[in-house]
Amino acid sequence: MLILVGLGFSPGLITRAAESALRSADLVLVDTYTSPASGWGLELVRSINPRARPASRRELEEESWRIVELARSATVAIAVVGDPLIATTHASLLVEAATKGVKVGVVPGVSGPCSAMSVSGLQFYRFGATATVPGPWRGAKAYHTVLVLLGNLCNNLHTLLLLDVSPEGRALDPATALRLLRDSAAEALGTSDFLDGLAAVYVEARESGALAYGGTIGELAGLPGKEGVGSIVVPARLHPIEEEYLRSVLRVPEAAIESHKRALSAHDYCAIRSRYEEKVAA
């Protein structure tokens, strides 16, 4: 049997179901590449099952057939920080195993992206497509990320922006991420004013609660970089309860909330998205 096991986004959030699956497995492979900033994963899993060992991207992807063959006669668990089927390619492993007659299973974990949406206080079903802000180490602009954000705003949907992680495990800080967004917007359309007035909230979910702070994109982009592994949420039009949550619970400044309302009223994001897409494609 092949089973994917989510560890949660921090050590204290592993579930009893995950512990049980890891303890009873004949072989435990720990994914060491999809969350390079989470070096605690291997240590945690080894404390549950001493036979656990790290697995490289090559082993889990290019040589996945070896794992599938092992799972024919033994229980193989692949441990992944967060949830094993969010922002990873591990679904292909399950497909490969299932099509070859190997029994498969999944133990979900508490994921950072889902927790960020929850902690933001914005209605979950009003989130649109999620995008990642690429770090400078990628050598790529954030054109696609801006396009996703504009598309969500056009459809009155909130946006979750994930922050890239470097190969060394360093997360892109939120201020730099927002500057990259503004630069990509300005490079295509000559201005980023349609983004600058929007509210943005940085959310870092933790075991003990959440670190959150907000302001306008223009303001937050001017802040010094802050270390952390979190996400940025850019709201669409706010329901009164969402607005009050941002104000009272997350302490987003009143000026940022009012600026957000003005920006949404002043700009036609559907038209901006069309112009932006044409410029980027040209």
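Buried means under 20% relative accessible area, exposed over 50%, and partly exposed in between (1.4 Å probe, protein chains only). You're working with a predicted model, where local features need pLDDT of at least 70, side-chain atom pairs count only at pLDDT 80 or more, and totals for chains, interfaces and linings use all residues. Residues are numbered from 1 along each chain as its sequence is written, and side-chain values use heavy atoms, leaving out hydrogens and water.

**Exercise 1. Find where R251 and N156 sit, and say how exposed each one is.**

Step 1: Start with the background: most residues other than glycine have a negative phi.

Step 2: Check R251. Its phi is near 60 degrees, a positive value in a non-glycine residue. R251 sits in the loop between α11 (240-248) and α12 (254-266); helices (H or I, at least four residues) and strands (E, at least two) are DSSP runs, numbered from the N terminus. With a relative accessible area of 64%, R251 is exposed.

Step 3: Now N156. Phi here is near 55 degrees, again positive in a residue other than glycine. N156 belongs to the loop between α7 (143-154) and β7 (159-163). Its relative accessibility is 31%, so N156 counts as partly exposed.

**Exercise 2. Work out which residues of α13 are buried and what covers them.**

Step 1: Locate the helix. α13 covers residues 269-281, and at its start a side-chain oxygen of D268 comes within 3.1 Å of the backbone nitrogen of C270.

Step 2: Pick out the buried residues: Y269, I272 and Y276. Looking down the axis, the buried residues fall within an arc of 55 degrees (taken from the directions from the helix axis to the C-beta atoms), so they line one face of α13.

Step 3: Turn to the other side, where E278 and A281 are exposed.

Step 4: Name the cover. It includes α7, α8 (174-189), α9 (193-196) and α12, with contact meaning heavy atoms within 4.5 Å.

**Exercise 3. Trace the strand order of the open sheet and find its edges.**

Step 1: Read off the order. The 5 strands go β3-β2-β4-β1-β5, with parallel pairing; two strands pair if DSSP finds at least two bridges between them.

Step 2: Spot the edges. β3 (53-55) and β5 (104-107) each pair on one side only.

Step 3: Zoom in on one pair. β2 (residues 27-31) and β4 (residues 76-80) run parallel and are joined by 4 bridges, and V28 stands opposite A77 in β4.

Methods. Expected span 1.5 Å × (residues − 1). Polar contact = N/O pair within 3.5 Å; in protein donor to acceptor, adjacent residues only side chain to side chain.
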